[in-house]
Amino acid sequence: MSFIGPIRTAVIVVAAGSGVRLGATAPKAFVGIDEHSVLRHCLRGVFRADPAQVVVVAPADRVGEALTEAHEAADDRRDLVTVVAGGSTRQQSVAAGLARVWADVDVILVHDAARALTPGEVLDRVVAAVRATGHGIVPTLPVVDTIKRVDGDVITGVVDRAELAAAQTPQGFRRDVLVAAYERATQEFTDDAALVADAGHQIDRVDGSSLAFKITTPTDLERARDLVASDPVPRVTRPAEPALPRVGIGTDVHAFGGDGRLWLAGLEWPGEPALSGHSDGDAVGHAIVDALLNAAGLGDIGTHFGTSRPEFAGAHAKAFLAETARILAEGGWRIGNVSVQVQSQRPKFAPRREEAEAALSQALGGAPVSVSATTTDGLGFTGRAEGVQAFAVALVVPTSPPAPAD
Ligand code: CTP
Ligand code: MG
């Protein structure tokens, strides 16, 4: 688990209601929206917000189930989860949650589990506003309908919409303010902001979210189901795995019979017969190029040095290797090391092995290259000194992590 610093915020998620108006067989927080419950969806939003202690207040006979839901939603942040049994009113449930908030928390959010689709950013917005102002904070939405005052069936007046806002949760408070207000409360309030305002504290608003509607009736549940079905959210959001190093293989064969002198393993070999080929026929260099491109998943030598790159016609292996190193770097790969074996009857490699390794390594920008050589006991085309064959393997390492999956 990554270090997330000291936790100074708690979110009390009240989920202990029975959901009379929804009329389902299970308590409302445990009713499914899709294959996941109202509570699970709510907690997903909570865990997308900045890290906080999460106190889930559940019906007394659902504490175990709530703990399982919370652990699954928390993924690798299970140590932030507390579950406690609630009371017979919402206010009592909040009080039960308050009693379990860690000592070093100084800002507390109270959130309805029934607002299952509330985005994590709303929680972050509320926390930031509490910390900036010290006031109680309520997320609100503007009221869009025209509101009438009525007396039975008679309309008695209009209420100015500009004076109204629809209150949502999470509502946020300084811990000391919320705890003191709960201690002095002797009546039931409609929400925590009303309770805290009654104790004489200022309450401000921030923008809520249309997704933070409360699931109260079967129609609300249908709306939540439609939203989830039309916008399936990945169930678990894990950070992308760090990309692993990759290996690649490359081989090459060239026949003797070219013009001029032999070039092999990045060195010129005076007095040796030349290899034939489009370029200098350096099978060792070409095998390394293929191994590197292969490891990085960037094609092969034909992809990058074919007829479309006439400047490489007749070029020595060092030019191919330097360009390959550049292509890999551009693709986000660093060369770990290269190992190459050459099978040939001649030239005699051992006296110049270190020189070849240094030349090849230098061409690759300093990545270690090791070269070994063998004859094939007189067998095959290499044994008959008709040509040389080289086998290379390369290890490449990603220089930047992949973009997050979610
Ligand atoms: N709540 C609670 N404890 C209670 C009552 C309510 O924790 N004794 C929680 C609910 O679980 C819900 C939130 O408070 O997440 C908002 O309450 P409401 O929407 O009224 O839920 P219910 O009380 O469960 O529903 P109803 O009023 O229809 O019975
Ligand atoms: Mg209720």
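**Exercise 1. The shell of ligand 1**

Find how many residues surround ligand 1, and which are closest.

*Solution.* Work in this predicted model. Start at ligand 1 and take every residue with a heavy atom within 4 Å. The count is 18 residues. The closest are Val 14, Val 20, Lys 28, Ser 93 and Lys 214. Next, sort the shell by class. Six residues are nonpolar, seven are polar and five are charged.

**Exercise 2. Polar contacts and burial of ligand 1**

Determine which atoms of Ala 15, Lys 28 and Ala 114 lie opposite oxygen atoms of ligand 1, side chain or backbone.

*Solution.* Apply the cut-off for a polar contact: N or O atoms within 3.5 Å. Take Lys 28 to begin with. An N or O atom of its side chain is 2.7 Å from a ligand oxygen. Lys 28 is also one of the closest residues in the shell. Move on to Ala 114. Here a backbone N or O atom is involved, at 3.2 Å from an oxygen of ligand 1. Finish with Ala 15. A polar backbone atom of Ala 15 is 3.5 Å from a ligand oxygen. Now turn to surface area. Ligand 1 alone exposes 560 Å², and the protein buries 87% of this. As for location, ligand 1 sits in the largest pocket.

**Exercise 3. Placing Arg 62**

Locate Arg 62, list its contacts beyond four places in sequence, and give the separation of its C-alpha atom from that of Gln 341.

*Solution.* Look between strand 2 (53-58) and helix 2 (63-74): Arg 62 lies in that loop. Leave out residues up to four places away in sequence. Arg 62 then touches Ala 26, Pro 27 and Phe 30. Now go to Gln 341, 279 residues from Arg 62 along the chain. Their C-alpha atoms are 66 Å apart.

**Exercise 4. Backbone exceptions**

Start from the general rule. Most residues other than glycine have a negative phi, and most peptide bonds are trans. Which peptide bonds at Pro 170 and Pro 347 are cis, and what is the phi of Asp 75?

*Solution.* Check omega at Pro 170. The bond from Thr 169 to Pro 170 is cis, with omega about 5°. Pro 170 lies in the loop between strand 8 (165-167) and strand 9 (171-174). Repeat for Pro 347. Arg 346 and Pro 347 are joined by a cis bond, with omega about 0°. The loop holding Pro 347 runs between strand 13 (333-343) and helix 11 (353-363). Last, check phi at Asp 75. Its value is positive, about 55°, although Asp 75 is not a glycine. Asp 75 is in the loop between helix 2 and strand 3 (81-85).

Key: Residues are numbered from 1 along each chain as its sequence is written. Chains are lettered from A and ligands numbered from 1 in the order in which they are written. This is a predicted model: local features need pLDDT of at least 70, side-chain atom pairs count only at pLDDT 80 or more; totals for chains, interfaces and linings use all residues. Side-chain values use heavy atoms; hydrogens and water are left out. A polar contact is a pair of N or O atoms within 3.5 Å; within protein, one must be able to donate a hydrogen and the other to accept it, and residues adjacent in sequence count only if both atoms are side-chain atoms. Accessible areas come from the Shrake-Rupley method with a 1.4 Å probe; for residues, only the protein chains shown count as cover. On a 1 Å grid over the protein atoms alone, a cavity is a set of points where a 1.4 Å probe fits but cannot get out, and a pocket is an open set with protein on both sides within 12 Å along at least five of seven lines; lining residues have an atom within 4 Å of a point. A molecule sits in a cavity or pocket if more than half of its atoms lie within 2 Å of its grid points. Ala, Val, Leu, Ile, Met, Phe, Trp, Tyr, Cys and Pro count as nonpolar, Asp, Glu, Lys and Arg as charged, and the others, Gly among them, as polar. Helices (H or I, at least four residues) and strands (E, at least two) are DSSP runs, numbered from the N terminus. Contact means heavy atoms within 4.5 Å.
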